Amino acid sequence: MIKTLKSFFKMGIVIFVVISTVAGYGVGLTVEDSFSFLHFFLTILGTFCISSGSLSLNQVQEAHKDAKMPRTQGRPIPSGEISRATGLAISLSLITFGSAILYYVEPLSCYIGLVIIVLYNVFYTIHWKQNWTFAAVPGAIPGALPCTLGYAAVNPNIYSAESVYLFLVMFLWQMPHFWTLAIRYSEDYAKAGFPMLPVIMGKDRTIYHISFYVWAYALLAITSPFFVPFYYAYFVIVIPFVTLVLWSFMRYVKLEGTNDKAWLPFFLITNFSMLAFLFAPLIDKWAPIVFEV
């Protein structure tokens, strides 16, 4: 049952959402604020619930599509482990419970959470993904907002340079992340009728579009000192990961078509780089204070 629920909630994605919320919370917290473990825990719990609820609701909405793709046929609803009615009840309960927690923590965080759900489960799932080749671009907005949600829990100034930087890291990261995966599973998406970029325009053209976001992503990380506090972590973490991302992308471009697993190193390095770019400012902000440097 635990394995079924992990699949139903898309736990791997939920973990990334929670981690990005933690980064937003830590960067948004000011030196003058006192840290409350209860407040932090409730922020994470609320985020976990709405994220699990939103992602499981997506599976309810796309169960008929998942049944057509070999990669997703084993998910709980297509496989019959969970009925659509049960799945809908679970997802809506989690969204309601998580929203209530976030409203208690900070109403602004709750409102951002609701925006995430509406953009993802209504606009992206029902309209953009079904009809638009470049759906991943506006679809990256709800995927980037968990950082803002975490930031808002402790700091209402969500349009600050720090908050905008965190949002942009997750926004720009998602196109290389998603389109690389879409290339790998383009045949699956074609069977389900999703007009994904590699399905409509082909692999080479998709890589061409990925390149714009890879360079923008790397440039944002390099210029992060203009947005967020920087100290040792910028040089020890950010710069090496920028180099790794660019190197792995060029290697992917060179080997794609000759090696079935050429996508995987770039995919993994890009994912780890996102965490590095989010947490380096957190380390640089608090390490000098904690260790009184």
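Is lysine 10 buried or exposed, and what is its relative accessible area? Lysine 10 has a relative accessible area of 14%, and because buried means under 20%, this lysine counts as buried. Keep that residue in mind, as we will come back to it after a walk around the whole chain. One thing to know before we start is that the model is predicted.

Let's begin with the overall fold. The protein chain contains 13 helices and zero strands, so reading from the N terminus you meet one α element after another, α-α-α-α-α-α-α-α-α-α-α-α-α. Along the principal axes, the C-alpha atoms fill a box of roughly 55 × 45 × 30 Å. Is that what a compact globule would give? What radius of gyration would be expected for a compact globule with 293 residues? The expected value is near 19 Å, and the protein chain has 19 Å, which agrees. Of the 293 residues, 54% count as buried. The contacts also reach far along the sequence: among those with a separation of 6 or more, 75% join residues 24 or more positions apart.

Now look for open space inside this helical arrangement. Rolling a probe the size of a water molecule over the atoms shows where empty space is left. The largest pocket holds about 1200 Å³ of space, and 40 residues line it. Lying nearest its centre are Lys10, Ile13, Leu55, Tyr120 and His177. Helices H2 (11–28), H3 (37–61), H6 (107–131), H7 (136–152), H8 (161–184) and H13 (263–290) each give two or more residues to this lining. Of these, H7 gives the most, with seven residues. Sorted by class, the lining has 22 nonpolar, 12 polar and six charged residues.

That brings us back to lysine 10, one of the residues nearest the centre of the largest pocket. Lysine 10 sits in the loop between helix H1 (2–8) and H2. Its backbone deserves a glance too. Most residues other than glycine have a negative phi. Phi of lysine 10, however, is near 55 degrees, a positive value.

Follow the chain onward and you enter H2. At 1.5 Å a residue, the 18 residues of H2 should span 26 Å, and the end C-alpha atoms of H2 are 25 Å apart, which agrees. The buried residues of H2 include Met11, Val14, Val17, Val18 and Thr21. Towards the end of the helix, Ala23, Gly24, Tyr25, Gly26, Val27 and Gly28 are buried as well.

Conventions: Residues are numbered from 1 along each chain as its sequence is written. This is a predicted model: local features need pLDDT of at least 70, side-chain atom pairs count only at pLDDT 80 or more; totals for chains, interfaces and linings use all residues. Side-chain values use heavy atoms; hydrogens and water are left out. On a 1 Å grid over the protein atoms alone, a cavity is a set of points where a 1.4 Å probe fits but cannot get out, and a pocket is an open set with protein on both sides within 12 Å along at least five of seven lines; lining residues have an atom within 4 Å of a point. Grid points are joined across faces, edges and corners, and a volume is the space filled by probe spheres set on the points. Helices (H or I, at least four residues) and strands (E, at least two) are DSSP runs, numbered from the N terminus. Ala, Val, Leu, Ile, Met, Phe, Trp, Tyr, Cys and Pro count as nonpolar, Asp, Glu, Lys and Arg as charged, and the others, Gly among them, as polar. The expected span of a helix is 1.5 Å times one less than its number of residues. Buried means under 20% relative accessible area, exposed over 50%, partly exposed in between (1.4 Å probe, protein chains only). The radius of gyration is taken over C-alpha atoms; the globule rule is 2.2 Å times the number of residues to the power 0.38. Contact means heavy atoms within 4.5 Å.
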